[in-house]
Amino acid sequence: MRLLKVATCNLNQWAMDFECNMKNIKTSIVQAKAAGAVVRLGPELEVTGYGCEDHFLELDTVTHAWECLKELLLGDWTDDILCSIGMPVIKGAERYNCQVFCMNRRIIMIRPKMCLANDGNYRELRWFTAWKQRGELEEFLLPIDISEALSQESVPFGYGYIQFIDTAVAAEVCEELFSPVPPHAELALNGVEVFMNASGSHHQLRKLDIRLNAFMGATHARGGVYMYSNQQGCDGGRLYYDGCACIVVNGDVVAQGSQFSLKDVEVITSQVDLDAVASLRGSISSFQEQASCKVKVSSVYVPCKLTQSFNLKMTLSSPKKIMYHSPQEEIAFGPACWLWDYLRRSGASGFLLPLSGGADSSSVAAIVGCMCQLVVKEIANGDDQVKTDARRIGNYANGEFPTDSKEFAKRIFYTVFMGSENSSEATKMRAKQLADEIGAWHLDVCIDGVVSAVLTLFQTVTGMRPRYKVDGGSNVENLGLQNIQARMRMVLAFMLASLLPWVHSKPGFYLVLGSSNVDEGLRGYLTKYDCSSADINPIGSISKQDLRLFLRWAATNLGYQSLADIEAAPPTAELEPIRSDYSQLDEVDMGMTYEELSVYGRMRKIFRCGPVSMFKNLCYKWGTKLSPAEVAEKVKYFFKYYSINRHKMTVLTPSYHAESYSPEDNRFDLRQFLYNSKWPYQFKKIDEIVDGLNGDSVAFQGEEGSSAKEVGVVAANSGDPSAGL
């Protein structure tokens, strides 16, 4: 037997905070060595943090990374352990995303990334060059100060592997695993038995199984030990890196780290038998045949052993059941951990949430409550860093710390119900009940006086006073009155967040939380600069359907029973007067259901459909319920309002990224924000197709492009706050 102890980790790095990152790196190495590991893998770009973005273009960033690596190598951190360290490296005129292999205070090899992630949230080609030379390793001259400090002038640089006396080890960096021809296939044929994948992979709902299946598939048919390391936490942006470091042997997961955690460092280890890898490969005839005529990959020889022989004191790691969270748990734990990182690193003293008693703001409140529960639980488990942060944020006296989540919430979480004459007693009571269950400091504020003052000012200036449509006003008046209420709430929220800590003799300031969901953003069903405008939004890329599932789950699993009633209530903005014959409802206002919005969003973004291809696909999907003409009207209606309101995405509150069809304008969904909302060419093509299918041409009437077949559209337009600028 060739027994090998390996360690990989989740690290909560912070972009550009080198001291924080180095502390975590050192801690992970210490823990790996204490567990007896002789191989340690860290996340991609762990020295700088993955999310540095354009800071990677600064020479200082690369220089500081080398300075940190020098600090590691001058100490005893790498003694008797192979460490893979992620950092940027400049070679000649090019900047590379690299894994630096170090052992016994020497740099053994630098492996540049060959396939860069450059879609979705990733823009690596903006900062790095992909390594394209797959031939011989090149000699890389170390920076002068590094060379002098280490007494080492150069190091092999490029694509290759490290050959020890008893095994071979190689890197496969993040995106390379998912490329059409991943390096591990060729490396396995060259005898590499241990693959080290350093990653910077973010959370997305229902994504984890894709990742784990790739690790298992990499070694199931060709054998091997596959190690995976990832960042975990918010490193300064919209993404939450969801950890889940793992170790796979011959297609079986033998160790798995947490996906969501408040820990800064989590190290997992496994004891593996490399003879099991050799045995599997020797039993696969096709592997033997292909290995006999392989393309040779360059290597670096290190004359030392990593493995130990048979020893009953050493226990082999066994396959374990993979831990997957339900989507409801992902919504609870991912944004909660993201909020905690943002809170403790921003210098704020807590959160303030405009709590309407509706599904969206209640979801945000429940997530903050979940965060408080996680903090108390982690402190009880002995995490000193979480205790230190919680004591500072909660302004605890010496020696005191949170032991009850409701008590902690009372210190760091304000909720405000900003009711008006259009608010119902039911939503007011639901908001208060939920705040009490969480433990938040709840305020009930009537905004009628503020709204009336603004309207009086308008009347003084213009001599006119707008009325709601139910009171005889026009669509323009109705919309304006709704927008005034919504925008006043934003102003009051920021005022309260900045001054309430002062009122209660607390230090610092509070962060305002937003609560618009991904579907409302896609449709533009929100007032620009209303309560959707906040400091951060934990649900901004989560669909309404998923949020309702989360509310039902949270009512039981988080202990907030009022969420069941909140979920059952029909969604409403409560911006128009309630009458015996009229009550404002979101789906009526929008002219489409949340279920339909989710379908439109996935087809537009995930399947890259424009109006015509979306219409064709939906004719198949909805063909048993709707005629082609009806499908056409729905598609045109969606694209009309999507394009009218796209400008709102340019000021969308920074939101936790969770959904693959998010319309977030900053980096994920890059599109123009000024459209011809009539889509004349595309809509004409749709009409021609419909005409060809049934001979009944669908004609648009007037500038708005509406037709008589649009069910509920006229009513929707009358009070739709989404159209307001």
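Colleague: Why are Asp 360 and Lys 544 called a salt bridge?

Modeller: Their closest N and O atoms are 3.2 Å apart. The cut-off is a Lys or Arg side-chain nitrogen within 4 Å of a carboxyl oxygen of Asp or Glu, so Asp 360 and Lys 544 make the grade. Bear in mind that this is a predicted model.

Colleague: What makes that pair a tie between parts apart in sequence?

Modeller: Asp 360 sits in helix H10 (residues 359–380) and Lys 544 in helix H17 (residues 544–557), so the bridge links parts that are 184 residues apart in sequence.

Colleague: How do you know whether Asp 360 is buried or exposed? And what about Lys 544, buried or exposed?

Modeller: Buried means under 20% relative accessible area. Asp 360 has 8%, so Asp 360 counts as buried. Lys 544 has 4%, so Lys 544 is buried too.

Colleague: What makes Arg 238 and Glu 664 a salt bridge?

Modeller: Again, look at the closest N and O atoms: they are 3.8 Å apart. That is within 4 Å, so the pair counts. Arg 238 lies in the loop between strand E11 (225–233) and strand E12 (241–242), while Glu 664 lies in the loop between H22 and H23, so this bridge ties together parts 426 residues apart in sequence.

Colleague: Why is Arg 238 called partly exposed?

Modeller: Partly exposed is what falls between under 20% (buried) and over 50% (exposed). Arg 238 has 22% relative accessibility, so that's where Arg 238 lands. Its partner Glu 664 has 8%, so Glu 664 counts as buried.

Colleague: How many salt bridges does a search of the whole structure find?

Modeller: The search finds 35. Among them is Arg 111 with Glu 176, where the closest N and O atoms are 2.9 Å apart. Arg 111 is in strand E5 (residues 106–112) and Glu 176 in the loop between strand E9 (168–171) and helix H5 (183–189), so the two tie together parts 65 residues apart in sequence. Both Arg 111 and Glu 176 are buried.

Colleague: What makes Asn 645 buried, and where is Asn 645 found?

Modeller: Asn 645 has 1% relative accessibility, which is under 20%, so Asn 645 counts as buried. Asn 645 is found in the loop between helix H22 (628–644) and helix H23 (680–694).

Colleague: What does the side chain of Asn 645 reach?

Modeller: That side chain reaches the backbone oxygen of Arg 523 at 3.2 Å. The limit for a polar contact is 3.5 Å, so this distance fits.

Notes. Residues are numbered from 1 along each chain as its sequence is written. This is a predicted model: local features need pLDDT of at least 70, side-chain atom pairs count only at pLDDT 80 or more; totals for chains, interfaces and linings use all residues. Side-chain values use heavy atoms; hydrogens and water are left out. Helices (H or I, at least four residues) and strands (E, at least two) are DSSP runs, numbered from the N terminus. Buried means under 20% relative accessible area, exposed over 50%, partly exposed in between (1.4 Å probe, protein chains only). A polar contact is a pair of N or O atoms within 3.5 Å; within protein, one must be able to donate a hydrogen and the other to accept it, and residues adjacent in sequence count only if both atoms are side-chain atoms.
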